[in-house]
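Reader: I am new to protein structures, and I would love a slow, close look at one strand and its surroundings. Could you walk me through it?

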Amino acid sequence: MRKKIVMSVAMGAICFLTACGDDLSITVPATAESLPIYTDEQTEDGEMSGVETENNETQEESSEAQEELRSEGSTEPEESTEPEEVTITISAAGDASLGNYYGQGYSLSFRETWEKEQDASYFLENVYDIFSNDDMTIVNLEGSFTNAQERNKEQEFCISGDPEFVEILTVGSVEAVTMANNHRTDFFDQGTADTVETLENAGIPYAYSQYTGVYETKGIRIGFVAVNEVRQPGTEVEKYLQEGIDKLKEEEADLILACCHWGIERDYYPNDYQQELGKKCIDWGADLVLGHHPHVVQGIEEYKGKYIVYSLGNFCFGANRNPKDKDCFIYQQTFTFLDGELQADSSARIIPCSVSSVSNRNDYKPTPAEGDEAQRILDKMNECSIQFHVQFDEEGNIIR
């Protein structure tokens, strides 16, 4: 389902990767007018026309009929005083590397899968029903859409995919992406420029550093700001966040998301600065904070009635053919507006997933978990979130 899109664009920022790549310790087999208001007809002077008769009885009947109409009052419909309610459901998923890293083997790679399937819908088909039934889906685009060859040789893993790979997002009902991460500049400014052009041509809003994005649906403007805390100084990151949130307020965004690439890779608990920065985002005016980068899940915290999702984990992750930890989740929250005003009440849940539909390797097909597997991931999230006094029921709903 595609809606009207508004965005702010440009390029810039610096990034660096500390850990990524294939983990092949597990055996890998070879092989998206207003209706007119009608009113009763009236004469030019606004009064009902009468009919003169010579018969007194007829005049009396007419008089009685008019009196009866007056006593019954006006039959015109009254204007509704009920407030207009609009609900917006947002789905968020983690790192999406739609391509390979430089030097990665071809066998069982993302590129081989693309060329074998010849169908962009393959990659997100198992989560399509979730994404297509929400109002906005946002992921972290970790890597460039580019054919550039000049790469940052100081970066251990330089991730890129062909510009045509953007179709994975459009046919998968992903409406927005963040680009603030430690892979945006793997192929320098050319990689960023190519990615920006590709996203613009596809109609997908994006955000990174000082450049914010806006997506509009149902008359509600959803603004988002994104930063890469992994290598940028905290003062610079905080400047981007605070100024970005202020800018979105000036642009009359009705809902503001702060997206942070932060934390320590493969650590299941947020560090002190993640917790500090997440709360600052809400103090500055964000309605939801979304985190990624650790490549594993982290807990969720409630602060001033709003949520900080510390790490969504990987998602459709082409940079690793067989990650040891394939657990991830889709975070979903529904916001309610009355006459355009955001209400305090909201409902949130997580949907436990795996980055792959098979357990012995990565087939780049994120899949909702079921049965015991779903409960295992929920138990893990309960353990990761207990320090924040947040827990999840068996359906993944947040228990207040």
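Author: Happily; here is a walk along one strand and its partners, followed by a few other parts of the chain.

Let us begin with the whole picture. What you see is a predicted model, and the protein in it has 8 helices and 20 strands. Of its 400 residues, 53% are buried. The accessible surface comes to about 19100 Å², and carbon and sulfur atoms account for 45% of that area.

Now for our strand. Please find β4, which covers residues 136–141. How many of its residues are buried? The count is 6 of 6, so the strand is mostly covered, with "buried" meaning under 20% relative accessible area. Look at which way the side chains go: Met136, Ile138 and Asn140 point one way from β4, while Thr137, Val139 and Leu141 point the other way. Residues pointing in both directions are buried.

Next, meet the partners of β4. In general, strands of a sheet pair through backbone hydrogen bonds, and they may do this in a parallel or an antiparallel manner. One partner is β2, residues 85–97, which pairs with β4 in the parallel sense over 5 bridges. To see one matching position, look at Ala96, which stands opposite Leu141 of β4. Another partner is β7, residues 176–178, joined to β4 by 3 bridges and also running parallel to β4. Here Asn140 stands opposite Thr178 of β7. Asn140 is one of the residues that point the way Met136 does, whereas Leu141 is one of those on the other side.

With that in mind, try another sheet. Three strands form an open sheet in the order β3-β6-β5, with mixed pairing. Its edge strands are β3 (100–101) and β5 (144–145), each of which pairs on one side only. Between β5 and β6 (residues 159–161) there are 2 bridges, and these two strands run parallel. Ser144 has Ser160 as its bridge partner in β6.

For an antiparallel example, move on to β13 (residues 300–303) and β14 (residues 306–309), which pair over 4 bridges. Tyr303 stands opposite Lys306 of β14. The two strands form a hairpin with 2 residues between them, and Lys304 in that turn has a positive phi of about 55 degrees.

Helices can be read in a similar way. Helix α6 (residues 234–250) packs against helix α7 (residues 272–284) at an angle of about 25 degrees, with the axes 10 Å apart. Angles under 35 degrees count as roughly parallel, so α6 is roughly parallel to α7. Their crossing is right-handed.

Let us finish with some single residues. Phe335 sits in β16, residues 327–338. Is Phe335 buried or exposed? Its relative accessible area is 4%, so Phe335 is buried. Its C-alpha atom is 7.2 Å from that of Ser347, although the two residues are 12 apart along the chain.

Finally, the cysteines. A disulfide is a covalent bond between the sulfur atoms of two cysteines. How many disulfides turn up in a search of the whole structure? The search finds 0. Cys328, for instance, is in no disulfide, and the nearest cysteine sulfur, that of Cys353, is 5.1 Å away. The cut-off for a disulfide is 2.5 Å between the sulfur atoms. Cys328 has 0% relative accessibility and so counts as buried. Cys158, at 1% relative accessibility, counts as buried too.

Note on methods: Residues numbered from 1 in each chain as written. Predicted model: local features only at pLDDT ≥ 70, side-chain atom pairs only at ≥ 80, totals over all residues. Heavy atoms only, no water. Buried < 20%, exposed > 50% of the residue type's maximum accessible area, 1.4 Å probe, protein only. Areas by Shrake-Rupley, 256 points an atom, 1.4 Å probe, with all protein chains shown as cover. Pairing = 2+ DSSP bridges. Axes fitted to C-alpha atoms, helices over the stretch in contact; angles between N-to-C directions. Parallel < 35°, antiparallel > 145°, perpendicular 65-115°, else oblique. Left-handed = near helix turned anticlockwise from the far one by under 90°.
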